[in-house]
Amino acid sequence: MDGRDTIHSVAFLMEGKHIVSGGKEEKIRRWRLEDGEEVARPIDVGGWANSIAVSSDEKWMVVGSGRGRVSVWSMENHERVGEMKGHAKGVGAVDISPDGTKIASGSLDNTACIWKWSTGKRLLTLRHDNDVAAVKFSPDGDLLATATWERDSIRVYNGEDGHLLHEFPIKAGSYGHCLAWKNDTHLYAISRDGRIYYLDVSTRETLSRWHIRADDVRKWSCIALPDDRSFIAASANSSISFWDTTTNTKIGSDIDYNDMVFTMAISENYDIAIGHGKTVTVQNLRDILPPNYVRNNVDHGERTTSRTQAEMSDLKKAMQELKDQLTVLQGRHEAQVTRTHLGSERAADFEIIH
């Protein structure tokens with residue numbers, strides 16, 4: 001999938017069947033995964049599309065652009081439905097709270113902002129010492145993590161009142177894509193030198209850290225996690241590696257390109273979309289990772305999960321048991337009716353057991 005210019009951000013839609021991408025072209029393009037064809041007209045955002053975030057219900061999309069704009073777009077008709085104004089320079093990172101009520105943005109003007117989506121009102125302005133390269137709401141929406149570009153600073157704020165809870169001395173690995181929450185209290189971050197940090201924000205501890213490459217990176221690195229958080233995809237320059245989130249050990253095979261990897265996203269079907277150079281490439285992780293990390297079974301384009309198959313089997317078994325119970329109950333009920341009709345004194349001894 002050719003993005004016409006450098007790709008800065010990608011995201012999946014429609015249960016992984018569509019992908020949106022944006023970058024220096026100043027347009028958001030939408031692609032159908034099945035055949036790689038572009039669908040619908042491109043969205044002209046009026047500046048580099050540095051960062052994309054899609055709401056959990058997939059009804060709207062937020063774009064951070066190079067002209068200080070935070071714009072909101074309908075995913076149904078690709079029309080702009082809102083814009084948040086207040087940043088003095090380009091916006092390199094955006095995120096949407098899990099409940100869809102707030103938008104976070106990070107800018108080259110050294111601020112991160114939290115906005116109320118329904119009104120466009122700016123709720124909080126969080127000032128930093130340098131470009132804010134990343135913003136990420138925690139899964140419960142209570143916290144906001146930020147990262148700065150030139151300073152060694154990853155911060156965690158209270159998402160309601162903006163109170164700074166802790167600051168970790170880590171330099172951001174990329175704009176928009178260097179932070180990922182594992183759960184409400186644990187955060188992954190990737191640094192400029194290609195090192196992954198696992199942080200406990202409740203205790204303010206760095207639980208572990210490790211290099212993803214032995215050589216010097218110092219250019220660009222980003223991370224992505226699947227929904228089950230069982231592994232991390234981490235890029236260093238033009239290479240992507242995969243890591244177990246329990247043991248911090250490397251798994252599967254690396255993916256290597258000839259140009260820089262700027263962004264990644266993983267779908268619920270375990271497809272990974274990679275924005276490298278001017279291209280979006282999609283690969284299924286079944287071909288790369290051990291089977292226990294990829295729960296999906298793919299057969300001729302049909303995507304089902306082993307968990308779903310097991311649940312269906314259990315459901316069929318339960319339905320058969322219920323049917324058998326109903327048959328027994330129906331027999332008891334008929335016996336009761338018959339005995340009552342005949343005036344048997346023992347009719348009251350029979351009851352339907354629910």
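Which residues does Lys182 touch, not counting residues up to four places away in sequence? I began with this one and found Tyr188, Tyr198, Arg229 and Thr245. I note that the model is predicted.

**Entry: Lys182**

I placed Lys182 in the loop between strand 17 and strand 18. Its relative accessibility is 24%, so I list Lys182 as partly exposed. I also looked up a C-alpha distance: Lys182 and Ser230 are 9.2 Å apart in space, with their positions 48 residues apart in sequence.

**Entry: Arg229**

I followed the contact from Lys182 to Arg229. Arg229 sits in the loop between strand 21 and strand 22. I read a positive phi of about 60° there, although Arg229 is not a glycine. Arg229 is partly exposed, with a relative accessible area of 24%. I met Arg229 again in the largest pocket, where it is among the lining residues closest to the centre.

**Entry: the largest pocket**

I noted about 1200 Å³ of space in the largest pocket. The lining comes to 41 residues, and those closest to the centre are Val54, Asp95, Lys136, Asp227 and Arg229. I then listed the elements that give two or more residues to this lining: strand 1 (7-13), strand 5 (49-54), strand 9 (91-96), strand 13, strand 17, strand 21 (221-224) and strand 25 (261-266). Which strand gives the most to the lining? I found strand 1, with 5 residues.

**Entry: the chain as a whole**

I counted 1 helix and 29 strands in the protein chain. Of its 354 residues, 51% count as buried. I took the contacts between residues at least 6 apart in sequence and found that 40% of them join residues at least 24 apart.

**Entry: nonpolar cores**

I recorded 35 residues in the largest nonpolar core, where Leu179 and Ile196 touch the most other members. The elements that each supply at least two residues of this core are strand 13 (132-137), strand 14 (143-148), strand 15 (152-158), strand 16 (164-171), strand 17 (179-181), strand 18 (186-190), strand 19 (195-200) and strand 22 (231-236). A second, separate core has 20 residues, including Ile266, Ile272, Tyr293 and Val294. As background, I wrote down that nonpolar side chains tend to be buried together in soluble globular proteins.

I went back to Leu179 for its contacts, leaving out residues up to four places away in sequence. Leu179 touches Ala134, Lys136, Ala145, Thr146, Ala147, Ile154, Leu187, Tyr188, Ala189 and Ile223. Two of these names were already in my notes: Tyr188 is touched by Lys182, and Lys136 lines the largest pocket.

**Entry: Arg192**

Is Arg192 buried or exposed? I found Arg192 buried, with a relative accessible area of 15%, which is under the 20% cut-off. Arg192 lies in the loop between strand 18 and strand 19. I looked for a polar partner and found the backbone oxygen of Trp149, 2.5 Å from a polar atom of the Arg192 side chain.

**Entry: salt bridges**

I have 13 salt bridges in total. Background for this entry: side chains of opposite charge can pair when their charged atoms come close.

The side chains of Arg155 and Asp129 form one of them, at 3.6 Å from N to O. Arg155 lies in strand 15 and Asp129 in the loop between strand 12 (122-127) and strand 13, so this pair ties together parts 26 residues apart in sequence. I list Arg155 as buried, at 9% relative accessibility.

Asp152 forms a salt bridge with Lys171, and the closest N and O atoms are 3.9 Å apart. This pair also links distant parts of the chain, with Asp152 in strand 15 and Lys171 in strand 16, 19 residues apart. Both partners are partly exposed: Asp152 has a relative accessible area of 46%, and Lys171 has 27%. I also traced a network in which salt bridges with shared partners join Glu25, Arg29 and Glu38.

I added the salt bridge between the side chains of Arg32 and Asp35, at 3.0 Å from N to O. Arg32 is partly exposed at 29% relative accessibility, and Asp35 is partly exposed at 41%.

**Entry: Asn110**

I noted another positive phi in a residue other than glycine, near 70° at Asn110. Asn110 is in the loop between strand 10 (102-107) and strand 11 (111-116). At 26% relative accessibility, Asn110 counts as partly exposed.

How values were computed. Residues numbered from 1 in each chain as written. Predicted model: local features only at pLDDT ≥ 70, side-chain atom pairs only at ≥ 80, totals over all residues. Heavy atoms only, no water. Core = buried A, V, L, I, M, F, W, Y, C linked by side-chain atoms within 4.5 Å. Buried < 20%, exposed > 50% of the residue type's maximum accessible area, 1.4 Å probe, protein only. Helix = DSSP H or I, 4+ residues; strand = E, 2+ residues; numbered from the N terminus. Contact = heavy atoms within 4.5 Å. Polar contact = N/O pair within 3.5 Å; in protein donor to acceptor, adjacent residues only side chain to side chain. Salt bridge = Lys/Arg side-chain N within 4 Å of Asp/Glu carboxyl O. 1 Å grid on protein atoms, 1.4 Å probe; cavity = no way out; pocket = protein on both sides within 12 Å on 5 of 7 lines; lining within 4 Å. Points joined across faces, edges and corners; volume = space filled by probe spheres on them.
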